[in-house]
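Trainee: I am new to this structure and would like a close look at one part of it. Could you take one residue as a starting point and then lead me on from there?

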Amino acid sequence: MPDTRIADIRVTPIAFADPPLLNNAGCHEPFALRSIIEVETESGHIGLGESYGTLPVLDGLAKATPLLIGMDVTDLNGLWARCGQVVGGTMMQYIGQERLLPRIVGAVEVAMWDALGKALNRRVVDLLGGQVRETVPFSAYLFYKFAGHHGGQPDDWGEVLTPSQLVDEAWRMIDAHGFNAIKLKAGILPPEEEIEGLRALRAAFPDAPLRIDPNGGWTVDTTLKLLPQLDGLIEYLEDPTVGIDGNAQVQAATSIPLATNMYVVETAHLPPNMAQDAFRVILSDHHYWGGLKASRDLAEICRIWGLGLSMHSNSHLGISLAAMAHLAAATPNLTYDCDTHSPWQTDEVIEGGKLPFQGGALTLPDGPGLGVTLDRDALKRLHQNYLDCGIRVRDDATEMKKHRPDWQFGRPKF
Ligand code: GKR
Ligand code: MG
């Protein structure tokens, strides 16, 4: 048996090109930040992880990782305990107050699973309980967007602010990747315009399951008024308004399931959610739920309590995508097509380039662990981007004000 004690952990912050995608919090900056985590065992196996690259996470990782040296990569209890000694409290993120500890644990935990898989010559999906689906379906994640970054040239997606531009964006993404379900990021334009966009998508893709996600951008009253137009049009309504209380009022008025990646983001939120019947679908995300094991536990809670399960994403590269796919392939009740930002990314940090979607789904990469290998030249280049770009925390609001100086953040806004 190879020695699976942790000999070293390296964390490399990177920045990769990101288009000017719009959301309720503003506009994506020219670069998105991530961290690449390498856990090296005494036997020389290197496990990979990818997580947030924003400063509080990098600081947390810098504090926690020295305590993990010497621990076995199987020791997930030890991981939580040791990280908990130095990381606690909350961090301000653009979607609100969130806990740092599960983010730090999640970042390292994936690399521990990958290292274990490599040491045992087993895939992560097998270590997580076994593969329950051949391929993992993802959805087409549509965004309104500006033509180019402030002061820059238009990108090749161009401007997307109207229903017909939205349909063109969807065709391009679906032609390239074959996605079935479609998710529209909303909370940006007046809601009637966004629903007109959904209707245009329905006309162009009569069979596609549709979702809309205003990120809490609508008031309860607005959402209640919009419900008749959404009924029969969408498979779920994601975070229409703010908080568990507000969304519970909406859920009480509709049979459309409400989904969330904003207001049920840790186990403490589950009891009030159940008591108030606010959200019926949870979007899991191993990056903030504390890793793959914690996400499997969340799936089990959802199964027991009859909640639906989907998967959330943020701008990410291939190590995250591989981890999401292994997790989804090992989770029987993850029955909705998962979110991914992958089609928006042109950079990659794994060898062989971006993992390909076929028919909208991902086949797990071959090989032990996550089945992906770090492209060290790409890592060097993307780390240099990080050093040069000057971005240290995500700030979509400031970016938006460069385009629209009068723009004001509002949640709810409409
Ligand atoms: O990339 O702008 C974005 C999204 O709004 C993202 O940050 C959200 O976390 O995709 C996410 C969501 O479903 O809310
Ligand atoms: Mg969402």
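Is glutamate 300 buried, partly exposed or exposed, and what is its relative accessibility?

Mentor: Happy to help! First, a word on what you are looking at: this is a predicted model, in which local features need pLDDT of at least 70 and side-chain atom pairs count only at pLDDT 80 or more, while totals for chains, interfaces and linings use all residues. Residues are numbered from 1 along each chain as its sequence is written, chains are lettered from A and ligands numbered from 1 in the order in which they are written, and side-chain values use heavy atoms, leaving out hydrogens and water.

Now your residue. Glutamate 300 counts as partly exposed, at 34% relative accessibility; buried means under 20% relative accessible area, exposed means over 50%, and partly exposed is what lies in between, with a 1.4 Å probe and protein chains only. Its partner is arginine 303: the two form a salt bridge whose closest N and O atoms are 2.7 Å apart. A salt bridge here is a side-chain nitrogen of Lys or Arg within 4 Å of a carboxyl oxygen of Asp or Glu. Arginine 303 is exposed, with a relative accessible area of 51%. Both residues sit in helix H11 (residues 292-305), three residues apart, which is about one turn of the helix. Helices (H or I, at least four residues) and strands (E, at least two) are DSSP runs, numbered from the N terminus.

Other salt bridges join into a network: through shared partners, Lys183, Lys185, Arg211, Asp213, Glu235, Glu238 and Asp339 are linked together. By the rule above, the count comes to 23 salt bridges.

Two further pairs are worth finding. Arginine 34 and glutamate 50 meet through their side chains in a salt bridge of 2.8 Å, N to O. This pair links distant parts of the chain, with arginine 34 in strand S4 (residues 31-41) and glutamate 50 in strand S5 (residues 46-52), 16 residues apart. Arginine 34 is buried at 2% relative accessibility, and glutamate 50 is buried too, with a relative accessible area of 3%. Arginine 5 and aspartate 3 also meet in a salt bridge, at 2.5 Å from N to O. Arginine 5 is partly exposed at 40%, and aspartate 3 is partly exposed at 28%.

Let us return to the network, which includes Asp213 and Glu238. The magnesium ion (ligand 2) is coordinated by Asp213 (OD), Glu238 (OE) and Asn261 (OD1), at 1.9 to 2.2 Å. Donors are N, O and S atoms within 2.8 Å of the metal (3.2 Å for Na, K and Ca), and water is not among the atoms, so sites may look incomplete. Along the sequence, the donor residues follow the spacing D-x24-E-x22-N. Glutamate 238 lies in strand S12 (residues 236-238), and asparagine 261, 23 residues apart from it, lies in the loop between strand S13 (258-260) and helix H9 (270-276). Both glutamate 238 and asparagine 261 are buried.

Just after S12, in the loop between S12 and helix H8 (243-251), you will find aspartate 239. Aspartate 239 has a positive phi of about 40° although it is not a glycine, and it is buried, with a relative accessible area of 0%. Asparagine 215, in the loop between strand S11 (210-213) and helix H7 (220-230), also has a positive phi, near 50°. Asparagine 215 counts as buried at 5% relative accessibility. Most residues other than glycine have a negative phi, and most peptide bonds are trans.

Two more members of the network, Lys183 and Lys185, belong to strand S10 (residues 182-185). Both faces of S10 are covered: Ile182 and Leu184 on one side, and Lys183 and Lys185 on the other, are all buried. Strand S9 (residues 140-142) runs parallel to S10, joined to it by three bridges; two strands pair if DSSP finds at least two bridges between them. In that pairing, leucine 142 stands opposite leucine 184.
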